[in-house]
Amino acid sequence: MEDYKQIKALCQKNATATFKILDEFLLYYAAEKDKLGKEIDRRLGTYRHITQQIDKSWFNMLKTQYIIHRVLKEGGLVHKYLKHVALQNLPPAHRSWLEQQAASPWRFSFAVVTDHPAEDFYEMEDVYTGEPYLVYSPGMSNTLKDGHRELWFNLIGFNGVCWQTYGPLAGYQSFGPDDIFFFATELNPSIEDDDDLIADVEKNPVPYMMLFLGSNQPLTVHEAHPLVIVLSDLEGVSLDTKLLEKDFNHDFVNGVHKLSLKGWELQPHFSVAYYDEKDNILQVTALTEMGYLKLVEVLNDYGMDLDDVPDIHVKPSMLNTTEEILKRKIELMPYELLFEPKQDPESDAELEKINQLMALALPDINAGKKPDIDGLAKKVGVDIDTAKEILEQVMGKLK
């Protein structure tokens, strides 16, 4: 049985060495020697639209974490530094500690908690390598006070007995391994497998650091079914859609057939297939895993060769986070756009006015004051009676 009291003492001693050697010396040495300060500023600058939303202390911790990773990762700068005069003059104990760290490279790890054997100790499993490891992290314990975390993204270093976290911790409420893989492939389309993803993180972890943006987005569940965008594309398909009418509702627009699985076409599942008869592509989509598997089962009964494992499996929280980080719209189901009802410009304009009305009224409502409904209605061009009805409903719900 592990003596966690003894291991904790070792971890605390290691944390002291980390502070004295890394935080007080090597961090500044590396920033100056190899211009790592400018390098991380440049890389973080790409995501200024994200970093400007966080406080200065968190921003500085991200920079520190990046620099230390560059120094202590596999093949990191520490090997070069150990040959420099500045480090040869370190106290023997400090130099010995650095040599130990160089021999056990630090790394970023996407991992799940499998056990909690003692206070501040967690049994972890890396979701991409399958490696189990013990980590000591009071920071994780503090984060978990706010609730369960589905997945962690931490920089970890080995102290000879267990691993310890360094720098900001990212604990995600809803993201899982498939979500991270989705983000990675949108970030870098050349990524094909888990090894490619790990290499991409080690090369430049900054984009993955930005995923903290969605860390507090909860898992969305409807009728006990977690909502997730699940889809696959099957090419070279020749399909007689008339034969499917027993099991599917059928719509047709511009050479594309929409096949909605009867009994599964509404929420929460939304099990729908699209058949592009021109390009011979079948896209299978659903918003729950169960809905996808049922759709695959029925289509395979009609001679399709669809796999239970989808091409894309991503939660709405990750899709939204990815779009915000990468600053672009990601359309996963372009065929569905053909079947959306045409927008009414007048209705859109009226909705925009109502949104403006709400934005102007909310500061007063949140402060417990009654907004000037007549004045606001005239300002944004909304009918006064309509404005009163909307805002009175909002104030009633808030009460």
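1. The structure, which is a predicted model, holds 16 aromatic pairs. One of them joins Trp-106 and Tyr-166 in an edge-to-face arrangement, with 5.5 Å from centre to centre and 65° between the planes. Trp-106 belongs to the loop between helix H7 (92-103) and S1, whereas Tyr-166 belongs to strand S5 (residues 163-172), so this pair ties together parts that are 60 residues apart in sequence. Both Trp-106 and Tyr-166 are buried.

2. A further pair is made by Tyr-274 and Phe-339, whose ring centres are 6.2 Å apart and whose planes stand at 40°, so the pair is tilted. Here too distant parts of the chain are linked, since Tyr-274 lies in strand S11 (residues 272-276) and Phe-339 in the loop between helix H13 (316-326) and helix H14 (345-366), 65 residues apart. Tyr-274 and Phe-339 are both buried.

3. Some aromatic residues also group together: Phe-108, Phe-110, Tyr-128, Phe-153, Phe-183 and Tyr-208 form one aromatic cluster. Rings are also met by a charge at Arg-107, whose charged end sits over the ring of Trp-163 at 4.5 Å from its centre, and likewise over the ring of Tyr-133 at 5.6 Å from its centre.

4. Ala-111 is a residue of strand S1 (residues 107-118). Is Ala-111 buried or exposed? Its relative accessibility is 1%, and because buried means under 20%, Ala-111 counts as buried. Not counting residues up to four places away in sequence, Ala-111 touches Met-124, Glu-125, Asp-126, Val-127, Tyr-133, Leu-151 and Trp-152. For Met-124, which is 13 residues from Ala-111 along the chain, the separation of the C-alpha atoms is 6.1 Å.

5. The largest nonpolar core has 62 residues, of which Leu-98, Phe-110, Tyr-172, Ile-180, Tyr-208 and Met-210 touch the most other members. Leaving aside residues up to four places away in sequence, Ile-180 touches Phe-110, Tyr-128, Leu-151, Tyr-172, Phe-175, Leu-197, Leu-211 and Met-318. Another core lies apart from the largest one and has 20 residues, among them Val-237, Leu-282, Val-298 and Leu-306.

6. Helix H13 is mostly covered, with 8 of its 11 residues buried. These buried residues are Ser-317, Met-318, Leu-319, Thr-321, Thr-322, Glu-323, Ile-325 and Leu-326, and what covers them includes helix H3 (48-51), helix H9 (177-187), strand S8 (229-235) and strand S13 (312-314). After H13 comes Lys-327, which has a positive phi, near 55°.

7. How are the 6 strands of the open sheet ordered? The order is S9-S10-S11-S12-S8-S13, and the pairing is antiparallel. Strand S9 (248-253) and S13 stand at the edges with a single partner strand each, so one side of each is left without a neighbour in the sheet. From one strand to the next, the twist averages 15°.

8. Within this sheet, strand S10 (residues 256-261) is joined to S11 by 5 bridges, the two running antiparallel. Tyr-274 in S11, the residue that pairs with Phe-339, stands opposite Lys-258. Helix H12 (residues 289-301) packs on the sheet and touches S8, S9, S10, S11, strand S12 (281-286) and S13, while the direction of H12 makes about 145° with that of S12.

Definitions and conventions. Residues numbered from 1 in each chain as written. Predicted model: local features only at pLDDT ≥ 70, side-chain atom pairs only at ≥ 80, totals over all residues. Heavy atoms only, no water. Helix = DSSP H or I, 4+ residues; strand = E, 2+ residues; numbered from the N terminus. Buried < 20%, exposed > 50% of the residue type's maximum accessible area, 1.4 Å probe, protein only. Contact = heavy atoms within 4.5 Å. Phe/Tyr/Trp six-rings, centres within 6.5 Å; stacked < 30°, edge-to-face > 60°. Lys NZ or Arg CZ within 6 Å of the ring centre and 35° of its normal. Core = buried A, V, L, I, M, F, W, Y, C linked by side-chain atoms within 4.5 Å. Pairing = 2+ DSSP bridges. Axes fitted to C-alpha atoms, helices over the stretch in contact; angles between N-to-C directions.
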